[in-house]
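Here are my notes for your reading of this entry, set out as numbered points. Please keep the coordinates open beside them as you go.

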Amino acid sequence: MVSQKTKTVFLMLFVRLLIAHCMGDFFLQPGSWVQAREEKGWRATALYLHLGTHIVLLWLLSGQWAFGYWALALGIVHGGIDMGKTALRKRLPASTLFLLDQALHLLSLWIAARWYAHEMVFVPGWITPAVSIWIAALLLLTLPASVAIRTGIARWTPQIRDRASLLHAGQWIGILERLLIFVFIMIGQWQGVGFLFAAKSIFRFGDLKDAHDGQLTEYVMLGTLLSFLWAIATALLTRWALQSYQPGN
């Protein structure tokens, strides 16, 4: 029977490792590193820079000196998963590879947190459970969500050339809408989510009507629905995690 204290330690550590993963895989990994890994494989210096970044982040954010060996092991596993993804990039669709890659990364973090939770004496320090949960949620709503959604619907990307569009405007719009949805749900204002969806539909209606392009309409709707779904799921998971750390739970 796993004690409540062990469960709390596990969740706390997993959230911190998740933050480290998001930072290392999405915020601190330039596209040139990914390209170098795909071209040179194990010989790419960028691969080891990426793994080193992950190891340092995992170790620092764990808040445990003794977690260094685990961080090193997770870094090695991370490298194996990345190289496996590179080897399969011509055999599987990009969306499938991305999903499999991230699932394996998260599984390795889950296993490490689960095993280590039985050994450690957790000292949260300044990163309290609530702060860690909020940081993880906000990170997930930004670049990880953008990359996941863009990769997931890449096969349906319509061949359009919109010179009037601002650089990366779609990505920033998606990030802002997910943050707004997250805030609405966290404060219990679900009607705000419906209002935001209606407002975006109205603003987009003119463009889609003038485009006379069914593929573009479906592409935009699919991306919007996935973005909303991601934000709602993140908000619900965040509320659950925060409640799990309430005294007496």
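1. Across the whole of this predicted model, the search for salt bridges returns one. The partners are Asp82 and Arg37, whose side chains meet at 3.6 Å, taken from N to O. Because Asp82 belongs to helix 4 and Arg37 to helix 2 (residues 31–40), the pair ties together parts that lie 45 residues apart in sequence.

2. Both salt-bridge partners reappear around an enclosed space, since Arg37 and Asp82 are among the residues that line the second largest cavity, together with Gln29, Trp33, Val34, Ala46, Leu47 and His50. Helix 2 and helix 3 are the elements that give two or more residues to this lining. Its volume is about 30 Å³, and its lining divides into four nonpolar, two polar and two charged residues.

3. Asp82 also takes part in the packing of helix 3 against helix 4, where it is one of the helix 4 residues in contact, along with Gly68, Ala71, Leu72, Leu74, Gly75, His78, Gly79 and Met83. From helix 3 the contact is made by Leu47, His50, Leu51, His54, Ile55, Leu58 and Trp59. By class, the residues of this contact are nine nonpolar, six polar and one charged. Helix 3 (residues 45–62) and helix 4 (residues 68–87) pack at an angle of about 145° with their axes 8 Å apart, and the crossing is right-handed.

4. How many cavities of 30 Å³ or more does the structure hold? There are two, and the largest has a volume of about 60 Å³. Its lining is made up of His21, His54, Leu58, Leu74, His78, His105, Ser108 and Leu109, of which His54, Leu58, Leu74 and His78 also appear in the contact of helix 3 with helix 4. Helix 3, helix 4 and helix 5 each supply at least two lining residues, with helix 5 giving the most, three. The lining of the largest cavity has three nonpolar, five polar and no charged residues.

5. The second largest pocket deserves a separate look, with a volume of about 920 Å³ and a lining of 33 residues, of which Leu106, Leu140, Trp230, Thr234 and Leu237 lie nearest its centre. Helix 1 (4–27), helix 5 (94–116), helix 6 (129–140), helix 7 (143–152) and helix 10 (214–244) each contribute at least two residues to this pocket lining, and the largest share, nine residues, comes from helix 10. The lining of this pocket divides into 27 nonpolar, six polar and no charged residues.

Notes. Residues numbered from 1 in each chain as written. Predicted model: local features only at pLDDT ≥ 70, side-chain atom pairs only at ≥ 80, totals over all residues. Heavy atoms only, no water. 1 Å grid on protein atoms, 1.4 Å probe; cavity = no way out; pocket = protein on both sides within 12 Å on 5 of 7 lines; lining within 4 Å. Points joined across faces, edges and corners; volume = space filled by probe spheres on them. Nonpolar A, V, L, I, M, F, W, Y, C, P; charged D, E, K, R; others polar. Axes fitted to C-alpha atoms, helices over the stretch in contact; angles between N-to-C directions. Left-handed = near helix turned anticlockwise from the far one by under 90°. Contact = heavy atoms within 4.5 Å. Salt bridge = Lys/Arg side-chain N within 4 Å of Asp/Glu carboxyl O.
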